[in-house]
Protein chains: 2
Amino acid sequence: MGRTPPHPDSSQFDLQRVLEALVDPVRRSIVTQLDASGEDVACGGFDLPVSKSTATHHFTVLREAGLIRQYYVGTSRMNALRRAELDDVFPGLLDALVRAGRARPGHDEART
Amino acid sequence: MGRTPPHPDSSQFDLQRVLEALVDPVRRSIVTQLDASGEDVACGGFDLPVSKSTATHHFTVLREAGLIRQYYVGTSRMNALRRAELDDVFPGLLDALVRAGRARPGHDEART
DNA sequence: CCAGAAGTACGATGGCTGTCAAACTTCGAT
DNA sequence: ATCGAAGTTTGACAGCCATCGTACTTCTGG
């Protein structure tokens, strides 16, 4: 299992899938935190209001939609935002969402 | 019933709600068609792969999220994209989505 | 070698929501 | 005053998906 899980190529990105991934507040929070941090972040490094197993599920959905890239470092699973590829395929989308999340108090940013 | 139904003020727009509205392919198709047409369109003027009652449901969701404005003309219910207000509150979001829908073959544009 | 940390896998469950058909309401023409 | 067109309402139903706990796997540090 240790090895890197399957990631879609950017040529396979699908808008429907991406939106389904981003419509969940927890997942959007992950993307937002990742974007804000500017660095890759381990699963445990996020502030999420759900159990570990649920978090795993969300990371999987994000990965399969092509939003993040995951790789292992020791026992930690690191997560990287696939910004360049996303911007290439869906120009402006990520930025608009991140901006929107910042502007509106919204249900983003989990826990304190 | 004839009278205009309740519409949220742009100050009440909520990102979560907007995304929940736009994640459905049928609803996104409505928005896309509305954007492409440039004019207000009656409910019956859309090309949708669902029954009338389901369509009514989708229009309601879009209206309550603030994406469209609805008003009656005779027995027809007209739909207008609230573009300016949306652009104001969520800059770039609508454009990014419409562009993305055009670029990727995707599940948008219903029927032929 | 062992304990613990970091995740994953696996069911199970509950709630939401997209879908439809059928009956009803309104408005416009004829 | 009637018929049809355009939507709405209501209720039912099915499928999906976010969530959790528990058990399991792996890797690291002592």
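The legends below describe close-up views of a predicted model in which protein chains A and B are shown with DNA strands C and D.

**View 1. The contact between chain B and chain A.**
In this predicted model, the contact draws 26 residues from chain B and 26 residues from chain A. Between them the two chains bury about 2,000 Å², and 64% of that area lies on carbon and sulfur atoms. Leu15(B), Gln16(B) and Arg104(B) provide 29% of the area that chain B buries against chain A, which is more than any other three residues supply. The rule finds zero salt bridges across this interface, whereas four residue pairs are found in polar contact across it, both residues of each pair being at pLDDT 80 or more.

**View 2. The side of chain B that touches chain A.**
Helix 1 (15-22), helix 2 (25-37) and helix 5 (93-103) of chain B each give at least two residues to the side of chain B that touches chain A. Helix 5 of chain B contributes the largest share of this side, namely six residues. Sorted by class, the residues on this side of chain B comprise 13 nonpolar, eight polar and five charged.

**View 3. The protein surface near DNA strand C.**
DNA strand C is surrounded by 20 residues, and the closest of these are Gly44(A), Lys52(A), Thr56(A), Arg77(A) and His58(B). At least two residues of this surface come from each of helix 3 (52-65) of chain A, strand 3 (76-81) of chain A and helix 3 (52-65) of chain B. Helix 3 of chain B supplies the largest share, four residues. The surface near DNA strand C is made up of five nonpolar, eleven polar and four charged residues.

**View 4. Individual atom pairs at DNA strand C.**
Among the atoms of DNA strand C that lie within 4 Å of the protein, 67% belong to sugar or phosphate, and the rest belong to bases. An N or O atom in the side chain of His58(B) is 2.4 Å from a phosphate oxygen of DNA strand C. In the case of Ser51(B), a polar backbone atom is 2.9 Å from a phosphate oxygen of this strand. For Thr75(A), an N or O atom in the side chain is 3.0 Å from a sugar or linking oxygen of DNA strand C.

**View 5. The protein surface near DNA strand D.**
Around DNA strand D there are 20 residues, of which Ser53(A), His58(A), Lys52(B), Thr56(B) and Arg77(B) come nearest. Helix 2 (25-37) and helix 3 of chain A, along with helix 3 and strand 3 (76-81) of chain B, each supply at least two residues of this surface. The largest share, four residues, comes from helix 3 of chain A. By class, the surface near DNA strand D holds five nonpolar, eleven polar and four charged residues.

**View 6. Individual atom pairs at DNA strand D.**
Of the atoms of DNA strand D within 4 Å of the protein, sugar or phosphate accounts for 63%, with the rest belonging to bases. A phosphate oxygen of DNA strand D is 2.2 Å from an N or O atom in the side chain of His58(A). The side chain of Thr56(B) places an N or O atom 2.6 Å from a phosphate oxygen of this strand. For Arg27(A), an N or O atom in the side chain is 3.0 Å from a phosphate oxygen of DNA strand D.

**View 7. The hairpin of strand 2 and strand 3 in chain A.**
Strand 2 (residues 68-73) of chain A and strand 3 of chain A run antiparallel and are joined by six bridges. Ile68(A) stands opposite Leu81(A), a residue of strand 3 of chain A. Two residues lie between the strands of this hairpin, in which Gly74(A) takes a positive phi near 65°.

**View 8. The open sheet of chain B.**
In chain B, three strands form an open sheet in the order 1-3-2, with antiparallel pairing. Strand 1 (41-42) and strand 2 (68-73) of chain B are the edge strands, each of which pairs on one side only. Two bridges connect strand 1 of chain B with strand 3 of chain B in the antiparallel sense, and Ala42(B) has Met78(B) in strand 3 of chain B as its bridge partner.

**View 9. A salt bridge within chain A.**
Over all chains, the count by this rule comes to ten salt bridges. In chain A, Arg83(A) forms a salt bridge with Asp35(A), and their closest N and O atoms are 2.8 Å apart. The pair links distant parts of the chain, with Arg83(A) in helix 4 (residues 83-89) of chain A and Asp35(A) in helix 2 of chain A, 48 residues apart.

Key
Residues numbered from 1 in each chain as written. Chains lettered and ligands numbered in written order. Predicted model: local features only at pLDDT ≥ 70, side-chain atom pairs only at ≥ 80, totals over all residues. Heavy atoms only, no water. Contact = heavy atoms within 4.5 Å. Buried area = accessible area lost by both parts, 1.4 Å probe. Salt bridge = Lys/Arg side-chain N within 4 Å of Asp/Glu carboxyl O. Polar contact = N/O pair within 3.5 Å; in protein donor to acceptor, adjacent residues only side chain to side chain. Nonpolar A, V, L, I, M, F, W, Y, C, P; charged D, E, K, R; others polar. Near = heavy atom within 4 Å. Pairing = 2+ DSSP bridges.
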